[in-house]
Amino acid sequence: MKKYYKKDKFKLMIRNVIKKERLKRRWTQEKLANRAGVSRQTISRVEDDMFEPLLSTAINIAEALDMSVYEVFELKKKNGGKYERIIR
């Protein structure tokens with residue numbers, strides 16, 4: 001017997017605090033990009049949740065901010081109508 005699941009039940013979302021941390025340091029996207037070894041466009045797209053970076057890129061961004069990947073990125077799962085953090 002096949003089991004059918006609602007799509008929303010397994011929906012995941014990655015959130016990040018890159019822009020907040022970058023502005024706290026008064027850095028431009030270009031400065032963070034240079035420190036992380038990525039393009040300014042990559043920083044812009046990740047900040048705006050238009051792009052989920054590769055693990056290596058996420059690590060480089062986190063290291064540039066002197067933070068852990070877990071501090072910069074949050075993985076959340078939809079539970080009912082809201083998202084709950086699933087990695088702490």
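# Exercises on pockets, helix faces and backbone

Eleven residues line the largest pocket, and those nearest its centre are Ile14, Leu55, Val69, Phe73 and Leu75. On a 1 Å grid over the protein atoms alone, a pocket is an open set of points with protein on both sides within 12 Å along at least five of seven lines, a cavity is a set where a 1.4 Å probe fits but cannot get out, and lining residues have an atom within 4 Å of a point. This is a predicted model: local features need pLDDT of at least 70 and side-chain atom pairs count only at pLDDT 80 or more, while totals for chains, interfaces and linings use all residues. Residues are numbered from 1 along each chain as its sequence is written, and side-chain values use heavy atoms, with hydrogens and water left out.

## Exercise 1: the pocket and the fold

Find the elements that give two or more residues to the lining of the largest pocket, and place them in the pattern of the protein.

*Solution.*

Step 1. Start with the pocket: helix 4, helix 5 (69-72) and strand 2 (73-79) each give two or more residues to its lining.

Step 2. Rank them. Strand 2 gives the most, with three residues.

Step 3. Now zoom out. The protein has five helices and three strands (DSSP runs numbered from the N terminus: H or I of at least four residues, or E of at least two). Along the sequence, the pattern reads β-α-α-α-α-α-β-β.

Step 4. Check how the chain comes together. Among the contacts (heavy atoms within 4.5 Å) with a separation of 6 or more, 57% join residues 24 or more positions apart.

## Exercise 2: following Phe73

Take Phe73, in strand 2. Is Phe73 buried or exposed, and which residues line the largest cavity with Phe73?

*Solution.*

Step 1. Phe73 has a relative accessible area of 11%, so Phe73 counts as buried (under 20%; exposed is over 50% and partly exposed in between, with a 1.4 Å probe and protein chains only). Across the protein, 30% of the 88 residues are buried.

Step 2. Look for a distant part of the sequence. Phe73 and Arg15 are 58 residues apart in sequence, yet their C-alpha atoms lie 5.7 Å apart in space.

Step 3. Turn to the cavity. Phe73 is in the lining of the largest cavity with Ile14, Asn16, Val46, Asp49, Phe51, Glu52 and Pro53. Phe73 is also among the residues nearest the centre of the largest pocket.

## Exercise 3: two helices and their faces

Locate the buried residues of helix 2 and helix 4. Where do they fall around each axis?

*Solution.*

Step 1. Helix 2 (residues 29-36) buries Gln29, Leu32, Ala33 and Ala36. Seen down the axis, these residues fall within an arc of 100°, so they line one face of helix 2. The arc is that of the directions from the helix axis to the C-beta atoms.

Step 2. See what that face meets: the buried residues of helix 2 pack against helix 1 (18-24), helix 3 (40-47) and helix 4 (55-64).

Step 3. Helix 4 has the buried residues Thr57, Ala58, Ile61, Ala62 and Ala64. Their arc is only 160° around the axis, which puts them on the same side of helix 4. The face turned away from this buried side carries the exposed residues Leu55 and Glu63.

Step 4. Add a pair of residues. Asn60 lies in helix 4 and is partly exposed, at 32% relative accessible area. Asn60 and Ala33 are 27 residues apart in sequence and 9.4 Å apart in space, C-alpha to C-alpha.

Step 5. Finish with helix 3, where the buried residues are Thr42, Ile43, Ser44, Val46 and Glu47.

## Exercise 4: positive phi

Which residue just after helix 2 takes a positive phi, and which one follows helix 3? Then look at Arg26.

*Solution.*

Step 1. Just after helix 2 comes Gly37, with a phi of about 75°.

Step 2. Asp49 follows helix 3 with a phi near 55°, a positive value in a residue other than glycine. Asp49 sits in the loop between helix 3 and helix 4 and, at 37% relative accessibility, counts as partly exposed.

Step 3. Just after helix 4, Asp66 has a positive phi of about 60°.

Step 4. Arg26, in the loop between helix 1 and helix 2, has a positive phi near 60°. Its relative accessibility is 78%, so Arg26 counts as exposed.

Step 5. Set these values against the usual trend: most residues other than glycine have a negative phi.
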